Protein chains: 2
Amino acid sequence: METTMLETERAAQILKLLGDKTRLTMIALVNEQDCCVCEFVEILQMSQPAISQHLRKLRDAGLVKEQRRGQWIFYSINKAFEGYSMIKEILKHVPNGAHHFEALEKAGLRIRCN
Amino acid sequence: METTMLETERAAQILKLLGDKTRLTMIALVNEQDCCVCEFVEILQMSQPAISQHLRKLRDAGLVKEQRRGQWIFYSINKAFEGYSMIKEILKHVPNGAHHFEALEKAGLRIRCN
DNA sequence: TGCATATATAAGTATATACTTATATAATGA
DNA sequence: TCATTATATAAGTATATACTTATATATGCA
């Protein structure tokens, strides 16, 4: 696994984005699988505009990508992002996002679209 | 090297502290060697109170330790900090602090005290 | 076409943050 | 003891941040 070096200022920008519980959880989630906005809302128990605003920050900075599938917009982690290797390391120290999806599945709230 | 897991909220707190160029540079510096306040001031070209206030945040959170040596107070990285293993990984992606000390040395501004 | 659902954006607001200047505290050395 | 140096703290301020509520946009479906 390669280690991409970042300028200090660039690294600080990325760390600042991750330095918020909501966004850090979001990244842990998309690191597991693609996730649509309404799923974020359900998992994080926050208002839809609040979720959208966090996602915009992550997308604008390039950490995540968005893709429309029908009426839903799915977010995924951007593996081409220059900070991706640092993010992956950070995520090794943070609880995995998978259990959130399992809980959603149990509650029947997981979106399935093709 | 061990990987200490953190709660998401705790990890976010730490990342937020590192999500500032000044503090991230400070951590990169103390990861190399102990550093006193006037050296931080010289290297970072910021006012002494601004430096002290950043150091207080890092110390209060446990990322760094302080130790008085005569008239100087030296700061060092706290290897016993629960987030230390994550920080070490992050620093692999960030420019090393060593060149700053070399520049100080050249300028004759490095403090030597025992 | 028209309504419902999913998402984004805009505007407003309370709080947090990173500085500034002024001052306090602590150690050194004449 | 007094002046100097190193550092911390306090108070003030401008800006950034993370929400809120209201509204706009886009898709799907009857």
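**Group meeting talk: two chains, one sheet and a few local details**

Let me open with a side-chain detail that appears in both chains: the charged end of Arg69(A) sits over the ring of Phe74(A), 4.3 Å from its centre, and in the other chain Arg69(B) lies over the face of Phe74(B), at 4.3 Å from the ring centre. The rule here is that NZ of Lys or CZ of Arg must be within 6 Å of the ring centre and within 35 degrees of the ring normal.

This is a predicted model, in which local features need pLDDT of at least 70 and side-chain atom pairs count only at pLDDT 80 or more, while totals for chains, interfaces and linings use all residues. Residues are numbered from 1 along each chain as its sequence is written, chains are lettered from A and ligands numbered from 1 in the order in which they are written, and side-chain values use heavy atoms, with hydrogens and water left out.

Staying with rings, the count of aromatic pairs over all chains comes to zero, where a pair would require ring centres of Phe, Tyr or Trp (taking the six-membered ring of Trp) within 6.5 Å, with planes under 30 degrees apart called stacked, over 60 edge-to-face and the rest tilted.

Phe74(B) also takes us to the sheet of chain B, since Cys36(B) stands opposite Phe74(B) in E3(B). Helices (H or I, at least four residues) and strands (E, at least two) are DSSP runs numbered from the N terminus, and two strands pair if DSSP finds at least two bridges between them. The sheet is open, with three strands in the order E1-E3-E2 and antiparallel pairing. Strand E1 (35–36) and E2 of chain B are at the edges with a single partner strand each, so one side of each has no neighbour in the sheet. E1(B) and E3(B) pair over two bridges, whereas E2 (residues 64–69) and E3 (residues 72–77) of chain B pair over six bridges, with Glu66(B) opposite Tyr75(B). The hairpin of E2(B) and E3(B) has two residues between the strands, and there Gly70(B) takes a positive phi near 65°.

Is helix H2 of chain B enclosed or open to its surroundings? Nine of the 10 residues of H2 (residues 21–30) of chain B are buried, so the helix is largely enclosed by the rest of the structure; buried means under 20% relative accessible area, exposed over 50%, and partly exposed in between (1.4 Å probe, protein chains only). Among the buried residues are Arg23(B), Met26(B) and Val30(B). At the start of H2(B), a side-chain oxygen of Asp20(B) comes within 3.0 Å of the backbone nitrogen of Thr22(B).

Turning to the interface, chains A and B bury about 2,200 Å² between them, 71% of it on carbon and sulfur atoms, buried area being the accessible area (1.4 Å probe) that two parts lose on being put together, summed over both. In chain A, Thr8(A), Leu15(A) and His93(A) lose the most area to chain B, together 30% of what that side buries. The contact (heavy atoms within 4.5 Å) takes 25 residues from chain A and 25 residues from chain B.

Gly19(A), in the loop between helix H1 (8–18) and helix H2 (21–30) of chain A, is buried at 9% relative accessible area. Leaving aside neighbours within four places in sequence, Gly19(A) is in contact with Ala12(B), Leu15(B) and Lys16(B).

One last backbone detail: most residues other than glycine have a negative phi. Gln45(A), however, has a positive phi of about 55°, lies in the loop between helix H3 (37–44) and helix H4 (48–61) of chain A, and is exposed at 62% relative accessible area.

Note on methods. Polar contact = N/O pair within 3.5 Å; in protein donor to acceptor, adjacent residues only side chain to side chain.
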